[in-house]
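Visitor: I'd like to learn how to read a structure like this one. Could you walk me through it?

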2 protein chains.
Amino acid sequence: MTHPFDDALALDLRNGRAVGRTTPDFANMVGPYGGLTAATILEAMSRHPDRVGDPVSLTVNFAAPIADGEFVVDTAIARTNRTNQHWTAQLSQDGDVKTTATAVYGVPRDTWADTEIAPPAAPDPEDCAPQDISSFVVWTRNYDMRFVSGSIPGAGEGPSPDSESTLWVRAHPDRPLDHPGLTAMCDVFYPRVFRRRAAYVPSGTISFTVYFHASAAELERQGADWVLATVRGQRFTGGFFDHTGTLWSRSGELLAVTHQLAYFKN
Amino acid sequence: MTHPFDDALALDLRNGRAVGRTTPDFANMVGPYGGLTAATILEAMSRHPDRVGDPVSLTVNFAAPIADGEFVVDTAIARTNRTNQHWTAQLSQDGDVKTTATAVYGVPRDTWADTEIAPPAAPDPEDCAPQDISSFVVWTRNYDMRFVSGSIPGAGEGPSPDSESTLWVRAHPDRPLDHPGLTAMCDVFYPRVFRRRAAYVPSGTISFTVYFHASAAELERQGADWVLATVRGQRFTGGFFDHTGTLWSRSGELLAVTHQLAYFKN
């Protein structure tokens, strides 16, 4: 049995192009889960024979919904330097561009190091209640989510004065964290506007960025353990909002930083 | 007399390509100021006859230093939707890729709006002392900068426990703020690692993102007035660090959000 995430991430290399296909497991409201699409594009770059180092930054722009079925990921190395490599990528269906992306890979070096911010206070994941919304949004079945604060607003709940959410999250079933897994997890937050409006207003990610901080040793230590994820919206205006988030190991290592711009209606 | 920023931003359209050239006014330690390069790429997209709406997000990856002289900016529209448009771009010299970029333009709509975060406390810009480092880094002569906190570490200053900086900044000489101007201003922060290490360690931006929140009316009101800019680093490790920043009008409007990943040595 392949893990559902690895099944969804599978790519065939045909004539120098990476060909994938959507899986029902990762269905979102429209098209597949954006975090999976971002992870798939990263996977296409990572599997390229000329790839150097590990991903350090990734930006994925969602131009149009991906239809059920096959898609093609075209990747190109724009430049290879001594300690980093610059990539561009596009995901298309029948020649129609659905997603654009850029990424930088880097070779980690031994330098001074410090984490300047701290994870939010949170009880142990074992002491938090699960919130299962997979009957509503299918892809969430691939994650265990336990909210510490800012869970998805329920019926009768009023608008919240802020859009902060903090949750424990891990792959379901267990899967050791790697760069594609971390990428997908960075998009796990439901749209911040839901919380502010206490309503499921139409909303979707337009531009999604991940800065990868976890070293290979940290990913190794992390394994399939819980990740503490926290996010907040900053400004909502003119049909767009941004959010900024961080993902932490249980022992307080900042694994990744993620930002996004989304559209919303109403 | 053209304004130095507009002089640096000038592009000739030749055979469907935008051709620009570096100007001595915006010289950085190596190559031109990255904020200017990002603004120039945005300008090339904005001047395209098929452009729809205003920029809402921009990501620029700096792959290699731009040499003094001419460069070419190639832009492509990946997709035009009803209310947004997706772009890719590359800046090259003699066929050599120096910079890659993606952007999304959007048509603002009348929606619910709120700013969830607040600007940092700061005295009026008129009560802050200017810090002139243009003898050291030429491009800074194009800005008036008045630090509220976290100014560039001076001789004999020790490492700081955090990398936060807040400053008032405006174009010098006066220039009304527009999207290219705001883009360039988002890169005004000196490398966070300088402050943490109290040393000018080699450092440079790899990936730079701007989310534009200012409406046309807000840019109009802003004119050439001071902008309050604040930034902090989050994690420094393995030769890379990220920072996150916000730019505010004097009356507390969040004009833009900016994030970046940079490399550093030592």
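Visitor: Let's start inside one chain: which residue forms a salt bridge with B:Asp6, and how far apart are the closest N and O atoms?

Guide: A salt bridge here is a side-chain nitrogen of Lys or Arg within 4 Å of a carboxyl oxygen of Asp or Glu. In this case the partner of B:Asp6 is B:Arg175, with the closest N and O atoms 2.9 Å apart. B:Asp6 sits in helix α1 (residues 4-9) of chain B and B:Arg175 in the loop between β9 (165-171) and α3 (179-185), so the pair ties together parts that are 169 residues apart in sequence. Those element names come from DSSP runs, numbered from the N terminus: helices are H or I with at least four residues, strands are E with at least two.

Before we go on, some ground rules. This is a predicted model, where local features need pLDDT of at least 70 and side-chain atom pairs count only at pLDDT 80 or more, while totals for chains, interfaces and linings use all residues. Residues are numbered from 1 along each chain as its sequence is written, chains are lettered from A and ligands numbered from 1 in the order in which they are written, and side-chain values use heavy atoms, leaving out hydrogens and water.

Visitor: What rotation superposes chain B on chain A?

Guide: Two copies of a chain are related by a rotation about an axis and a shift along it. Here the rotation is 180° with 0.0 Å of shift, and the RMSD is 0.0 Å. The two copies are thus related as by a two-fold rotation axis. The fit is by least squares on the C-alpha atoms of residues with pLDDT of at least 70 in both copies.

Visitor: And how much area do chain B and chain A bury between them?

Guide: The size of an interface is often given as the accessible area lost when the parts come together. The probe is 1.4 Å and the loss is summed over both parts. For chain B and chain A that gives about 5,700 Å², 53% of it on carbon and sulfur atoms. B:Trp112, B:Glu116 and B:Arg235 supply 15% of the area that chain B buries against chain A, more than any other three residues. Counting contacts instead (heavy atoms within 4.5 Å), 68 residues of chain B touch 68 residues of chain A. Since 100% of the interface residues of chain B are also interface residues in chain A, the copies meet through the same surface.

Visitor: How many salt bridges cross that interface?

Guide: The rule finds 8 between chain B and chain A. One of them joins the side chains of A:Arg79 and B:Asp96 at 3.4 Å, N to O. Strand β6 (residues 96-106) of chain B gives the largest share of the side touching chain A, 8 residues.

Visitor: Where is there a cis peptide bond in chain A, and where is a positive phi?

Guide: Most residues other than glycine have a negative phi, and most peptide bonds are trans. In chain A, a cis bond joins A:His172 and A:Pro173, with omega about -5°. A:Pro173 is in the loop between β9 and α3 of chain A. Chain B has a cis bond joining B:His172 and B:Pro173. As for phi, A:Asn266 has a positive value near 80°, and lies in the segment after β13 (254-264) of chain A.

Note on methods
Buried area = accessible area lost by both parts, 1.4 Å probe.
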